[in-house]
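The following exercises concern cysteine chemistry, helix geometry and charged pairs. Please work through each task before reading its solution.

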Amino acid sequence: MTGTTSPFGINDDGGPRLSLAGLTRVPAAYRPAIDPRQRRVRIVHLGIGAFHRAHQAYYTEESGDWGSCGVTQRSPRVAQQLAPQDCLYTLLVRDSEDASPQVIGAVREVLYGGGDPAAVAARIADPEVSIVSLTVSEKGYRYDPATRRLRLTDQEIAADLAGRPPRTVIGQLTAGLAARAATGAAPVTVVCCDNLPANGPTVRGLVLDYAHAWAARHPGEARPGALPDWIGAQVAFPATMVDRIAPATTDADLADVAALLGMRDLAAVVTEPFTQWVIEDSFAGPRPAWERAGAQLVPDVEPYEKVKLRMLNGTHSAVAYLGGLAGYEFIAGAVADDVLAGYAQLLMTADIAPTLTAPPDMDLGEYAAQVLRRFGNTALRYRCAQVAMDGSQKLPYRLRDTIADRLAAGATPVRATLAFAAWMRHVWTQRADDGRPFPVDDPMADVFRARLAEAGVDGESVSAGQAGRVAGALLGISAVFGELAESAVFRELVTEQLSRLARDGARRTAAALLAEA
């Protein structure tokens, strides 16, 4: 009998697949904390990708009998993987040569939001639901990073506002809240778990932008301020900070899970041992006891968020761009290079740490060392290209604010500026220093191409002499650089570093910077 091809490209030979009926065949140590059938769906999660399944769903698994309905936003693929398995999946924790599996049963339903938006709104409106959580990546919010306002001119947002069944995450979330308001359902808490500064208040603002715009475009359907008023009184938007590395699952990971469980699992996700979740203790109603799994409930998330966004995420992006340019496929390979690891260490200690005030329970030196150890976990094959995605959405918070703070303090943030120059070099040529492809995957890619073309540069002929034109073209993108582009010091620094990268390559440029330190 000939097998079919799985969503991961592996041969599906029709062997036993993970399911509720087959759980007794899984070794007892790997089974869910409680019988998944005992869980009640009280959470709706928008964006049920690998990170959510490695992070928030893991915390829910360890926190009692709460269950969730996961919504996949961009394609039905995750739903197609989970549904035949009764929504069970394996969380495979990798550390060097060790691999520890755990079957997660916290997800009890899965919906494809693009195929049935009305079902998503109805699930959010369910009186049993008291938490709506989100992991849809920065670009999923369709907002302007400079103003933190919803882009009402965005083609998809505009289509939702025109009256189609909503397909954007903000449209679906607002429709669900409107349905709750109409039925008089209990208050609800929206928990954003994406890397946005002040993510809870930011999402609150985006939802209110959408609600006001909807009322203005459909004046006969409701009193203009009714939904915004209800949201203000009945919906909480606590800030959070999330941290766990969850690279894309490979065929080798699936094979390891099958060997450990004795069953196939086409929805398995891979992660590292480290995990952290800091949540503002501000809920509108019931919540899971996430603290049982180690979540920190605090009055103010900002200090934790700032450390993580700048030190971990900022360094991750810097290593991704420099490592990718230097020819490394994986983050672990890049930080195994003494030059790039030394650069990352210096970036954190010399440029980033001085901009931070650590929470009382955190030592920044120890945190920096921990970041490098985590990046160096060779069991996690996290591609530089994956981390480099969506730079226009990430860099304003991961690196731009660090540079602005250092300049305001009278310092010269050479290390952080090199990371921005490496991003420019990546956008400019889409090739590594040795000529191999290092393609750009970014929602503003067309803007980059247009600006570079207007400046008369392309990626075919790379020279240090073109650095000024490239930097000038890209610095004009306010969504990425904001007021930082007005700094003559920064413009000179980033142009100089871009020129070095074009002339000497990423590794030699980083080595020279270390020698100058």
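**Exercise 1.** How far is the sulfur of Cys87 from the closest cysteine sulfur, and which residue holds that sulfur?

*Solution.* The model is a predicted one. Start with the closest cysteine sulfur to that of Cys87: it belongs to Cys69, at 8.2 Å. Next, apply the cut-off, which requires two cysteine sulfur atoms within 2.5 Å. The separation is therefore too far for a bond. By this rule, the structure contains 0 disulfides. Finally, consider accessibility: Cys87 is buried at 5% relative accessible area, and Cys384 is buried at 1%.

**Exercise 2.** Compare the expected span of helix H7 with the distance between its end C-alpha atoms.

*Solution.* Helix H7 covers residues 199–217, which are 19 residues. The expected span is 1.5 Å times one less than the number of residues, which gives 27 Å for H7. The end C-alpha atoms lie 27 Å apart, in agreement with this value. Buried residues of H7 include Val203, Leu206, Val207 and Tyr210.

**Exercise 3.** Which parts of the chain does the salt bridge between Asp337 and Arg507 tie together?

*Solution.* First, establish the contact: the N to O distance between the side chains of Asp337 and Arg507 is 2.7 Å. Then locate the partners: Asp337 lies in the loop between helices H11 (331–335) and H12 (338–352), and Arg507 in helix H21 (residues 506–516), so the pair links parts 170 residues apart in sequence. As to accessibility, Asp337 is buried at 5%, whereas Arg507 is partly exposed at 40%. The whole structure holds 26 salt bridges.

Definitions and conventions
Residues are numbered from 1 along each chain as its sequence is written. This is a predicted model: local features need pLDDT of at least 70, side-chain atom pairs count only at pLDDT 80 or more; totals for chains, interfaces and linings use all residues. Side-chain values use heavy atoms; hydrogens and water are left out. Buried means under 20% relative accessible area, exposed over 50%, partly exposed in between (1.4 Å probe, protein chains only). Helices (H or I, at least four residues) and strands (E, at least two) are DSSP runs, numbered from the N terminus. A salt bridge is a side-chain nitrogen of Lys or Arg within 4 Å of a carboxyl oxygen of Asp or Glu.
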